[in-house]
Amino acid sequence: MEERLYELEDKVQDLELEVHDLRSRIQQLEDRPEARSSLLGHNVWVLIPLVAIFSWMIVEIFD
């Protein structure tokens with residue numbers, strides 16, 4: 001019976017440590033500044049070659 005009690009106390013202590021860790025993670029996430037998205041996002045480097053290709057096609061069509 002005492003052995004079972006010690007096992008349960010160990011589990012309770014482990015859960016208390018886990019709760020403490022989770023609370024600290026929550027606090028870190030709340031303190032972290034929000035990420036601001038730019039107007040075009042991170043896809044601006046994909047748009048540059050596409051615009052260049054379409055511009056070249058338009059020049060070739062109307063030339």
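A residue counts as partly exposed when its relative accessible area lies between the buried limit of under 20% and the exposed limit of over 50%. Arg4, at 45%, is therefore partly exposed. The model is a predicted one. Its chain has 63 residues, and buried residues make up 0% of them. The secondary structure consists of two helices and zero strands.

**Overall surface**
- The chain exposes about 6900 Å².
- Carbon and sulfur atoms supply 61% of that exposed area.

**Salt bridge in helix H1**
- The count of salt bridges comes to one.
- The pair is Arg4 and Glu7, whose closest N and O atoms are 3.8 Å apart.
- This separation counts as a salt bridge because the cut-off is a side-chain nitrogen of Lys or Arg within 4 Å of a carboxyl oxygen of Asp or Glu.
- Both Arg4 and Glu7 belong to helix H1, where they sit three residues apart, about one turn of the helix.
- Glu7 has a relative accessibility of 35% and so falls in the partly exposed class, between under 20% and over 50%.

**Negative patch**
- Glu9, Asp10, Asp14, Glu18 and Asp21 form a patch of negative charge on the surface.
- Glu18, one of these residues, is placed in helix H1, which covers residues 2–31.
- The relative accessible area of Glu18 is 46%, so this residue is partly exposed.
- Glu18 meets the accessibility requirement for a patch because its 46% is set against a cut-off of over 30% relative accessible area.

**Nonpolar patch**
- Val46, Leu47, Leu50, Val51, Ile53, Phe54, Trp56 and Met57 make a nonpolar surface patch of about 770 Å².
- Val46, one of the residues in this patch, is located in helix H2, which covers residues 44–62.

Definitions and conventions: Residues numbered from 1 in each chain as written. Predicted model: local features only at pLDDT ≥ 70, side-chain atom pairs only at ≥ 80, totals over all residues. Heavy atoms only, no water. Helix = DSSP H or I, 4+ residues; strand = E, 2+ residues; numbered from the N terminus. Buried < 20%, exposed > 50% of the residue type's maximum accessible area, 1.4 Å probe, protein only. Areas by Shrake-Rupley, 256 points an atom, 1.4 Å probe, with all protein chains shown as cover. Patch = residues over 30% accessible without salt bridge, like charges linked within 9 Å, V, L, I, M, F, W, Y side chains within 5 Å. Lys, Arg positive; Asp, Glu negative; His and termini not counted. Charge placed at Lys NZ, Arg CZ, Asp CG, Glu CD.
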